[in-house]
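Visitor: Could you take me through the charged contacts of this model, and tell me on what grounds each label is given?

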Amino acid sequence: MTEAPVLEPNSSRRNWRPRVPRSVVGLVALMRLLPLINRRASILLGVGIALISLLPIAVTVVTGRLVGSIPPAVAGGFGSSAGHTTLALLAGVAAFVVVQRSLGPILNAFGTSFGREVERHLQERVIGAVGAPSGIAHLEDARVLDLLRVVRGLGVDANRPDQAVIALVQVLPAWLQSIGSAVVLMAFHWWLGLLWLIVWPVILQRLQREYLKVGEVAYGQSEALRRTEYLRDLATTPGPAKELRVWGMRDWLIGRFETAWYAAMTPVWKARAFSPRVMWGTTATLLAINVLSYGMLAWAASHGSISLGAIAIFTQALGNTNGFTAFNDSNASLMYGALTVPKVLDLERVLAEPTAAATTPLPAPEPRKVIRFEQVSFEYPHAARNALDHLELDIEVGRSLAIVGDNGAGKSTLIKLLCRLYEPSGGRITVDGADLRDLDPISWQRRVAVLFQDFARYQLTVRENIALGAPDFTDDVDRIRAAADKAGALDLIEALPNGWDTVLSRQYEGGTDLSGGQWQRVALARAMFAVEGGARILVLDEPTAALDVRAEAQLYDRFLEITEGLTTILISHRFSTVRRAERVVVLTGGGIQEDGTHDELVAGGGRYAEMFSLQAAHFQAGSDA
């Protein structure tokens, strides 16, 4: 029985389609996926399931014939023809049983191995789907985040796709045995076997729909469950650990988690209420059809209408028709695990880049002249105002530009647009006259080396942390050393316990962590390695924010060396860094307020001069003290 049909949006009642249960959608998606991952393994799995499903039916038939052969064998002796038949049937039953018992563990082991391959395949597809868009806006989309919450269970949750593959080995044979046994009953009365073939899938679907509606409701609570998982992770991850203790947040956190958990799970608990109509209806139906079937079999036996062997065959067949399972651990693993597969496919569809006109690859030296922001505006979702508002800015190739402004002025947004992490809401960005949107995003992003203010701290070796700036040159030791040297990180690296092979995390044996300033040097080395790999635009977002005075002074001394021949964009609140740039722009409210050299802006007495004077007075006061 299918669920009630629902109308598609903007459709008429004459154009509707039934809503297929999610469990069925997931199972079909899993079955279609298996041959795509490994056709040979899928064939072997299918043959194994078919064999282990047919063997019990064969045992049923041969056992029935064995029982029927015993009376004439006893009468004629085992040396007679009837006796030989009985011994042959006994050998056949034994052979079938031995093969069945041997095939079971082999098939389970094969299903486990294939399941891991399916798990790996799906994890790779998730990584590929999330990494496919050239920008990052999708990582702030609630619909995408809800899908990600489900697919993050790959390899973690108890009910996952590899467990679904293993469950196929147990659940499908039970279903196929029930169908095969119903077919056997047709030899008794064709309509009785047909009745079982009709009733069995209806009852199975209704019972599973009741059982699996809990999981389907839980999937609908993805956003609420994401909130509870965030609160849980606050207590179980190192980042917030210091503040949680210093501010005594434990009890508050437990209370918030409890409130969020109950809000998310209350609909799930309500869904667990088993429908009395379904429960009593299926029970009564099964009772009625079993009473009818066994009653007819008893009547036929008592009136001599069927032989002793037939009685044995049909009795076992009736037992097998009742052997299907609707809700046990294997069914849960199969259905819940399979539900993840369409979620992965949905994620791929949602994140698939729309088909567009072919992008233009960048020639090697590009850009040559100027990068221009033409009336560029950008608005974050649900923001009260534009982060950038009709911005006009020319960035001359080969020169250094510093961008200053108050927090929230739009500095970091400008950089993200330049890197094509977002697309402008209005206006356009051009590179030597060509619209940036028409250029190949991957080749453009390889031209930009960025030290973000919130740079990533990878729990990898220090060599890998730097080499990620240009993955195509990870084996070029000389370039990696040169990048580390320019960033002032070489002495730091060589002093680590395992040198370049030291893992930068205490969560791994032999690993270590770095101070904020040390991490900033490693991140700067990663940006410099991107330059070594061919990037021609260097973006430094607060490059000295975590450095001590001596390290900052050393970076200033090497600023011209680091930026030589590059188009450099510097964002900083430290004017000792800013003044070294050839040009400075002051950003206010998403637009440019002032533009000029350091000396020109100081002499102009505007906002830049005010900020510079305030900072200079602060440092002078510190020096006097």
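Guide: Glu 532 and Lys 486 form a salt bridge, with their closest N and O atoms 3.8 Å apart. The pair links distant parts of the chain, since Glu 532 belongs to helix α18 (residues 516–532) and Lys 486 to helix α16, 46 residues apart; helices here are DSSP runs of H or I with at least four residues, strands are runs of E with at least two, and both are numbered from the N terminus. This is a predicted model, in which local features need pLDDT of at least 70 and side-chain atom pairs count only at pLDDT 80 or more, while totals for chains, interfaces and linings use all residues. Residues are numbered from 1 along each chain as its sequence is written, and side-chain values use heavy atoms, with hydrogens and water left out.

Visitor: Why is the contact of Arg 481 with Glu 494 called a salt bridge?

Guide: The term requires a side-chain nitrogen of Lys or Arg within 4 Å of a carboxyl oxygen of Asp or Glu; the closest N and O atoms of Arg 481 and Glu 494 are 3.1 Å apart, so the pair qualifies.

Visitor: What makes Glu 494 partly exposed?

Guide: Its relative accessible area is 43%, and because buried means under 20%, exposed over 50%, and partly exposed in between (1.4 Å probe, protein chains only), Glu 494 falls in the middle class.

Visitor: How do you know that Arg 399 and Glu 582 meet in a salt bridge?

Guide: Their N to O distance is 3.8 Å, which satisfies the rule, and Glu 396, Arg 399 and Glu 582 are linked in a network of salt bridges.
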